[in-house]
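I opened this entry to record what I looked up, item by item, for someone who has not seen the structure before.

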Amino acid sequence: MMFPVTFSGSGSIETGNVSGGGGGGGRGGRIALGGGAGVLVTIVALLFGLNPGDIMGGGGGSSDDTAVVSEIDKHLQSCTYEKANSDTICRIKATTVSVDRVWTDLLKGYTEPKTVIFSDTVNTACGAASSSTGPFYCPADKTAYFDPTFFDMLVKMGGSDGPLSQMYVVAHEYGHHVQNLTGSLQKGNKMGSHGATSGSVRIELQADCYAGVWAYHADKGDDALLKPLTSDQIASAIQTARAIGDDTIQGSNSNPESWTHGSSKQRVKWFSTGYKSGDPNSCDTFSASDLG
Ligand SMILES: [Zn+2]
């Protein structure tokens with residue numbers, strides 16, 4: 001499948017919200033925030049319901065990867081919208097600008113989250129995490145975390161390598177930030193972490209729906225950063241939503257009682273719901289009696 005140029009913007013990408021992270025090195029204030037503190041805040045990841053500390057044993061990320069961090073920072077500084085059409089790190093950065101614009105218009109009181117692009121391991125206010133966590137959002141530091149190598153894994157899982165597929169993942173994590181601001185993240189956390197109708201599944205499906213809402217608005221209006229989306233591009237996001245359903249990931253022995261993110265059918269349904277309506281109010285997965 002051939003994907004046309006995605007971004008209509010040009011020149012450097014003006015945002016101070018995206019930076020490099022990883023290892024134990026990097027910028028002051030982010031060092032060992034979670035390590036050893038003993039209090040772990042639940043993150044919301046794209047794929048699995050996990051606390052980062054569960055993976056890292058609470059004290060991970062102690063290696064000194066300052067060089068890697070500054071390499072990512074250097075890369076980020078070189079980003080332009082033109083480059084974002086073909087470069088994953090720059091695509092993540094440019095997408096955050098687009099998602100921020102859309103939510104600034106849609107949600108009164110919206111404040112921009114931060115984004116950290118990391119390699120291998122990263123310390124967050126929610127604990128230390130590794131690349132195996134996949135993309136995630138930490139509500140305690142209002143930051144979305146991405147290791148770009150995840151997108152290779154996503155393709156191996158049956159996801160699409162198309163630009164909008166990657167942008168959907170970014171918009172999904174920003175959807176968790178919106179939930180953090182509106183309180184639905186906190187509400188959902190009290191409604192159970194596992195099961196087909198659990199709070200966790202409702203949180204994740206709402207984030208998928210919010211990603212669809214973003215896609216609806218991303219190519220519209222004077223300040224739109226995306227060229228008109230094609231049906232092939234939308235199909236690539238849907239292919240990815242399908243690939244990361246709990247039942248697809250778990251295979252034939254999948255047990256709905258263990259679900260944390262919803263089935264493939266549900267993830268496709270809620271992304272599509274948001275994309276068709278463009279209205280965040282259509283994403284009320286908490287009131288929906290039938291999640292799909
Ligand atoms: Zn999620």
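The notes below go from overall figures to the core and then to single helices.

I first noted that this is a predicted model, in which local features need pLDDT of at least 70 and side-chain atom pairs count only at pLDDT 80 or more, while totals for chains, interfaces and linings use all residues. Residues are numbered from 1 along each chain as its sequence is written.

Confidence. I looked up pLDDT, the predictor's confidence in each residue, from 0 to 100, and found a chain average of 87, with 86% of the residues scoring at least 70. The mean is lowest in helix α1 (residues 52-56), at 50, and highest in helix α11 (residues 264-277), at 98. I marked residues 24-40, where the pLDDT is below 50, and residues 57-63, where the pLDDT is also below 50.

Overall. I counted 11 helices and 7 strands in the chain, where helices (H or I, at least four residues) and strands (E, at least two) are DSSP runs, numbered from the N terminus. Of the 292 residues, 49% are buried, a residue being buried if 20 or more other C-beta atoms, placed from the backbone, lie within 10 Å of its own.

Core. I then turned to the largest nonpolar core (a set of buried Ala, Val, Leu, Ile, Met, Phe, Trp, Tyr and Cys residues joined through C-beta atoms within 7 Å), which has 68 residues, with F136, Y145, A171, W214 and F271 making the most contacts inside it. Helix α8 (residues 199-218) gives the most to this core, with 11 residues. Taking contact to mean C-beta atoms, placed from the backbone, within 7 Å, I found that Y145, leaving aside its neighbours within four places in sequence, touches residues including V116, F118, P135 and C138.

Helix pair. I checked helix α6 (residues 163-182) against α8 and found that their axes come within 7 Å and cross at roughly 115 degrees; axes are lines fitted to C-alpha atoms, for helices over the stretch in contact, and angles run from 0 to 180 degrees between N-to-C directions. Among the residues that meet there are A171 and H172 in α6 and A207 and W214 in α8.

Helix length. Lastly, I asked what span helix α4 (residues 88-106) should have. The expected span is 1.5 Å times one less than the number of residues, so its 19 residues should span 27 Å, and the end C-alpha atoms are 27 Å apart, which agrees. Within α4, the buried residues include C90, I92, V99 and W103.

Terms used. Buried ≥ 20, exposed ≤ 12 C-beta atoms within 10 Å, placed from the backbone. Contact = placed C-beta atoms within 7 Å.
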